[in-house]
Amino acid sequence: MKYTSTPFEGLWLIEPKRFADARGYFCETFRADDFAVATGLNPIFVQDNESLSCRGVMRGLHFQAGEAAQAKLVRVVEGTIVDVAVDLRRNSPTFGRYFSAELSAENGLQLFVPRGFAHGFAVLSERAKFLYKVDNYYCPAAERSIRLDDPTVGIAWPIPAAERILSPKDLAAPTLAQVIATEPLF
C-alpha cells in the first residue's frame, strides 16, 4: 500500500495496491502491521459501518465527543464521493481547516481520519456505497455535528446548494463557532 501524509497531523491518504487481470482485481484494504510502520499509528478497529446513498446526498460533518471519539478508515466500494475531514483539535495548527479527497471504487483510495476530526462526504455518482472501520463503538449520546456549509470552514463542495440532499439532523447542525462555545473539543 502507498501511504501519503497530508498537511494534517495523523490524517493519511492510503492507496491499496491492486493486482488485476481479466477476472478483476484483488487487494488488501487494511493490514495492521503495515499501517503501524507507515503511519506510526496503531488503531484497533471495533466496528465496521456501511452506507448507501444516491447522487447529491451529503452526510456530515459528524463526530463523537469526549471518550466516545472515533478514528475512521473510510473507502468507497461503489461509485464516487468527495470525502471531507475538518480538524477540531484546538491546539492543532490546522484547527478549523478541512482536507478533501475524491474517493471512488475505481481509484481505490482510502482516508484515515484520526480522532479529533469531523467527517462528511458528498455523493457524485448515481449511487455510492461507503464503508468505514472505527476504533470506538457508536454512542448516540456523544454524537455531534457541524453544518456542512459553515462559511468559517469554507468547504468547496462540488454539489450546488439546490441539488443537495441532507437529513433534517444535518440541516439543523450548528456552526463550528456554536460548537466551540458549547463543547470541550479535542
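Let me start at the surface, where I44, V46 and Y137 form a nonpolar patch whose accessible area comes to about 320 Å² together. I should say at once that this is a predicted model, and everything that follows should be heard with that in mind. One member of the patch, V46, sits in the loop between α1, which covers 32-39, and β5, which covers 47-54. With a relative accessible area of 33%, V46 is partly exposed, because partly exposed covers the range between under 20%, which is buried, and over 50%, which is exposed.

From the surface patch I would like to turn to the largest pocket. About 420 Å³ of space lies within the largest pocket, and its lining is made up of 28 residues, with H62, K72, H119, Y132 and E143 lying nearest the centre. The elements that give two or more residues to this lining are β5, β6 (58-64), β11 (117-123), β12 (127-134) and α2 (168-171). Which of the elements gives the most to the lining of the largest pocket? That is β6, which contributes six residues. If we sort the lining of the largest pocket by class, we find 11 nonpolar residues, 11 polar residues and six charged ones.

While we are looking at β6, there is a detail of the backbone to point out. The peptide bond that joins G60 and L61 is cis, with omega at about -5°, and L61 itself lies in strand β6, the strand that gives the most residues to the pocket lining.

Next come the charged pairs. As a reminder, side chains of opposite charge can pair when their charged atoms come close. How many salt bridges does the structure hold? There are 11 of them, and I will go through three.

In the pair of D33 and R31, the closest N and O atoms are 2.7 Å apart. D33 counts as partly exposed at 40% relative accessibility, and R31 also counts as partly exposed, at 35%. These two residues belong to a wider arrangement, since E28, R31, D33 and D34 are linked in a network of salt bridges.

The second example is the salt bridge between D48 and K133, where the closest N and O atoms are 3.3 Å apart. This pair links distant parts of the chain, with D48 in strand β5 and K133 in strand β12, 85 residues apart. D48 is exposed, having a relative accessible area of 54%, whereas K133 is partly exposed at 23%. Both strands have already come up, for β5 and β12 are among the elements that give two or more residues to the lining of the largest pocket.

The third example is R55, which forms a salt bridge with E126, the closest N and O atoms being 2.7 Å apart. Here again the pair links distant parts of the chain: R55 is in the loop between β5 and β6, E126 is in the loop between β11 and β12, and the two are 71 residues apart. Is R55 buried, partly exposed or exposed? R55 is partly exposed, with a relative accessible area of 43%, while its partner E126 is exposed, with 57%.

I would like to finish with some distances between residues that are separated along the chain. L73 has its place in strand β7, residues 72-78, and at 3% relative accessibility L73 counts as buried, so it falls under the 20% limit for that class. The C-alpha atoms of L73 and F30 are separated by 8.9 Å, although the two residues are 43 apart along the chain.

A38 is found in helix α1 and counts as partly exposed, at 31% relative accessibility. Between the C-alpha atoms of A38 and S167 there is a separation of 37 Å, with their positions 129 residues apart along the chain.

Finally, E183 is found in the segment after α3, the helix that covers 176-182. Is E183 buried or exposed? At 14% relative accessibility, E183 counts as buried. The C-alpha atoms of E183 and Q47, which are 136 residues apart along the chain, are separated by 25 Å.

Terms used
Residues are numbered from 1 along each chain as its sequence is written. This is a predicted model: local features need pLDDT of at least 70, side-chain atom pairs count only at pLDDT 80 or more; totals for chains, interfaces and linings use all residues. Side-chain values use heavy atoms; hydrogens and water are left out. Patches are made of residues with over 30% relative accessible area and no salt bridge: like charges are joined within 9 Å, nonpolar side chains (Val, Leu, Ile, Met, Phe, Trp, Tyr) within 5 Å. Accessible areas come from the Shrake-Rupley method with a 1.4 Å probe; for residues, only the protein chains shown count as cover. A salt bridge is a side-chain nitrogen of Lys or Arg within 4 Å of a carboxyl oxygen of Asp or Glu. Helices (H or I, at least four residues) and strands (E, at least two) are DSSP runs, numbered from the N terminus. Buried means under 20% relative accessible area, exposed over 50%, partly exposed in between (1.4 Å probe, protein chains only). On a 1 Å grid over the protein atoms alone, a cavity is a set of points where a 1.4 Å probe fits but cannot get out, and a pocket is an open set with protein on both sides within 12 Å along at least five of seven lines; lining residues have an atom within 4 Å of a point. Grid points are joined across faces, edges and corners, and a volume is the space filled by probe spheres set on the points. Ala, Val, Leu, Ile, Met, Phe, Trp, Tyr, Cys and Pro count as nonpolar, Asp, Glu, Lys and Arg as charged, and the others, Gly among them, as polar.
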